[in-house]
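Student: I should like to learn how the local features of a protein model are read. Could we begin with the terms and then turn to the case at hand?

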Amino acid sequence: MADTLAALRSLMASHSPPLDALVVPSEDYHQSEYVSERDKRRQFVSGFSGSAGLALVTTKEALLWTDGRYFLQAAQELSDQWKLMRMGEDPAVDVWMADNLPRDAAIGIDPWCVSVDTAHKWEHAFSKKQQKLVQTSTNLVDEVWKNRPPAQNNPVNVHPLEFAGCTVANKLKNLRQKLKEEGARAIVITTLDEVAWLYNIRGNDVSYCPVVHAFAIVTSFSAFFYVDKQKLSSEVNSYLEQNGIEVRDYGVVSSDVGLLASNQLTSTSSANQTLADGPKDMETGNGTNEADEKTHNLIWIDPGSCCFALCSKLNSNQVLLKQSPLPLAKAIKNPVELDGLKNAHIRDGAAVVQYLVWLDKQMQDIYGASGYFMEAESTSKKNHLETTKLTEVTASDKLEGFRASKEHFRGLSFPTISSVGPNAAIIHYQPDAKTCSELDADSIYLFDSGAQYLDGTTDITRTVHFGKPSAHEKSCYTAVLKGHIALGNARFPNGTNGHALDILARIPLWKDGLDYRHGTGHGVGSYLNVHEGPHLISFRPHARNVPLQASMTVTDEPGYYEDGNFGIRLENVLIVKEADTKFNFGDKGFLSFEHITWAPYQKKLIDLSLLTPEEIDWVNTYHSNCREILASYLDDTETAWLKKATEPISA
């Protein structure tokens with residue numbers, strides 16, 4: 001690590017102009033949350049492996065900013081050469097740079113890895129002291145990363161209409177209508193899941209996310225797909241051509257955006273040309289004329305996701321800086337996607353129940369635990385061979401195995417959080433086979449996991465105890481459960497955003513002076529990214545940006561984490577639906593939630609005296625649904641276990 005910092009500082013000193021600081025963000029060229037191995041530059045430089053963070057290397061210091069999910073993890077992973085900066089507690093990175101770097105300082109960035117919004121925000125912060133943002137021509141980290149993983153050559157796949165539920169033609173038609181409404185003649189699409197969704201293609205270029213490293217440009221009459229052509233089979237090429245999508249090399253996107261700026265980007269595709277020359281096609285919405293081109297002359301880019309490098313190719317007077325219309329279109333699931341998500345969650349719930357049945361038996365057989373149902377400390381730890389002990393990793397591998405046996409399984413949707421005792425207090429803990437903990441019958445065990453299925457993406461968290469939980473652990477678990485129920489039961493008028501709802505999940509915790517440092521809900525993709533915007537349920541201000549709408553998915557996942565002791569989280573995926581209310585104030589229409597995740601809550605962790613009669617009824621109804629919905633996927637032993645796990649509770 002010291003050698004890496006020294007090598008970076010040497011490159012910074014020899015740069016023209018010399019750099020006083022170098023920013024190393026987590027993101028790739030597409031501003032992705034999860035990135036490929038070769039794009040984990042911030043992890044390579046700092047040693048911090050969390051998915052969110054930013055490293056800053058100055059001539060004398062090295063600092064790492066991350067959010068509350070990762071405070072504990074970062075403190076453990078950073079060497080003493082690094083200083084941890086806690087977002088929300090310490091000064092923001094732009095404020096710190098403006099205050100601590102010298103006047104006229106030059107701050108280096110790779111413009112491909114920084115969004116337009118971020119670059120503009122930093123430039124504004126730096127202007128006070130005439131500090132300047134310097135776009136490096138190459139990524140300096142890549143120059144010192146000697147064993148950087150090679151680019152993967154993974155095939156692109158067509159996502160069939162039976163799962164996508166909407167044709168590319170209709171998606172392009174709707175997008176072009178949005179362009180027309182905004183007076184734009186083209187849009188540059190940089191986000192991987194937007195490209196995948198728009199063109200109904202999937203890939204395997206990023207672990208856990210079935211996306212392809214690609215860009216797209218859509219104009220009033222053309223559609224371009226920038227990708228490594230080696231990834232395309234003849235069948236995929238034919239599919240793209242049939243849909244009027246012209247394939248261009250991945251690296252050409254920069255020059256093509258320049259051509260787009262000067263109105264010189266032309267299509268050589270026979271499919272595109274036919275559509276452009278012919279009459280307007282009512283199905284695809286293709287076709288244009290010179291009058292349209294003159295009145296619709298803006299180029300749309302999303303400043304929150306488009307990289308600064310591509311935006312720099314455009315003149316400021318021709319750019320429409322506005323959130324892409326695709327995230328919202330993608331978030332509002334069509335009926336086929338909703339059915340697929342429900343089916344995927346049923347199979348996934350069966351896998352989770354099978355895992356709990358297996359884990360319950362293992363904890364009793366290996367560790368003498370009282371088990372999932374009984375409430376007693378382990379009688380004695382049995383002598384067990386090293387090969388039979390259970391660790392956080394061997395347990396999570398077993399869970400993956402149960403999922404892998406299910407129809408349409410394509411992999412996990414994020415690294416499984418399998419955490420026991422103090423590790424469960426690390427919100428985004430990721431166990432490592434060499435250092436992870438052994439399971440403990442007398443400690444809480446939290447697992448947060450999900451899978452990618454062709455018909456949907458899943459995300460579930462359950463917290464369990466196989467021994468005797470303390471009264472404090474029960475009280476905390478019950479507060480989390482109460483918040484989970486309160487949010488899931490919410491009814492609210494159209495136009496309500498996730499910022500307004502976040503408090504519902506926290507009130508039972510606040511009552512006891514407890515809280516948690518993460519948002520309460522995020523969208524979930526349809527065989528796409530497990531974290532999907534543009535909406536979310538959170539205390540953070542940007543949760544105000546987009547109201548929840550019918551047919552969106554969102555998670556419900558409050559928690560509580562006690563550093564050094566335990567962590568608790570409960571998570572289901574919900575679908576937003578129209579609510580049947582007695583009245584309809586203001587003719588707004590009201591919305592509610594439908595749970596589509598099916599796995600029991602552990603009854604022995606619930607302090608029944610803290611639940612209201614309505615909450616008890618809710619748990620009993622949910623558990624009854626679990627039994628009914630999962631029954632056909634379980635064998636006799638598993639069915640008997642689930643029946644016992646979901647027996648009615650009473651105060």
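Tutor: Helices (H or I, at least four residues) and strands (E, at least two) are DSSP runs, numbered from the N terminus. The model is predicted, so to speak of local features requires pLDDT of at least 70, side-chain atom pairs count only at pLDDT 80 or more, and totals for chains, interfaces and linings use all residues. Residues are numbered from 1 along each chain as its sequence is written, and side-chain values use heavy atoms, with hydrogens and water left out.

Student: Which strand holds proline 534, and what is the peptide bond that leads to proline 534 from glycine 533?

Tutor: Proline 534 belongs to strand S23, residues 532–537. The bond from glycine 533 to proline 534 is cis, with omega near 10 degrees. A cis bond also joins serine 16 to proline 17, with omega near 0 degrees. Proline 17 sits in the loop between helix H1 (2–14) and strand S1 (21–25).

Student: Which residues have a positive phi although they are not glycines?

Tutor: Among them is asparagine 200, with a phi of about 50 degrees, in the loop between helix H9 (192–199) and strand S9 (201–202). Another is serine 551, with a phi of about 80 degrees, in the loop between S23 and strand S24 (553–556).

Student: Is asparagine 200 buried or exposed?

Tutor: Buried means under 20% relative accessible area, exposed over 50%, and partly exposed in between (1.4 Å probe, protein chains only). Asparagine 200 has 4% relative accessibility, so it counts as buried.

Student: How is the span of a helix judged, for instance that of H18?

Tutor: The expected span is 1.5 Å times one less than the number of residues. Helix H18 (residues 471–488) has 18 residues and should span 26 Å; its end C-alpha atoms are 26 Å apart, which agrees. Because 14 of its 18 residues are buried, H18 is largely enclosed by the rest of the structure.

Student: What surrounds threonine 66?

Tutor: Contact means heavy atoms within 4.5 Å. Leaving aside neighbours within four places in sequence, threonine 66 is in contact with Phe48, Ala52, Gly53, Phe71, Ala74, Leu84, Met85, Arg86 and Met87. Threonine 66 lies in strand S3 (residues 62–66) and is buried, with a relative accessible area of 0%. A polar atom of its side chain lies 2.7 Å from the backbone oxygen of alanine 52.

Student: How are cavities and pockets found, and how many cavities does the search give?

Tutor: On a 1 Å grid over the protein atoms alone, a cavity is a set of points where a 1.4 Å probe fits but cannot get out, and a pocket is an open set with protein on both sides within 12 Å along at least five of seven lines; lining residues have an atom within 4 Å of a point. Grid points are joined across faces, edges and corners, and a volume is the space filled by probe spheres set on the points. The search of the whole structure finds 3 cavities of 30 Å³ or more. The largest cavity has a volume of about 90 Å³, and S1 gives the largest share of its lining, 4 residues.

Student: What is the volume of the second largest pocket, and which residues are closest to its centre?

Tutor: Its volume is about 720 Å³. Of the 27 residues that line this second largest pocket, the closest to its centre are Gln43, Ser49, Gly50, Gln73 and Gln430.

Technical notes:
A polar contact is a pair of N or O atoms within 3.5 Å; within protein, one must be able to donate a hydrogen and the other to accept it, and residues adjacent in sequence count only if both atoms are side-chain atoms.
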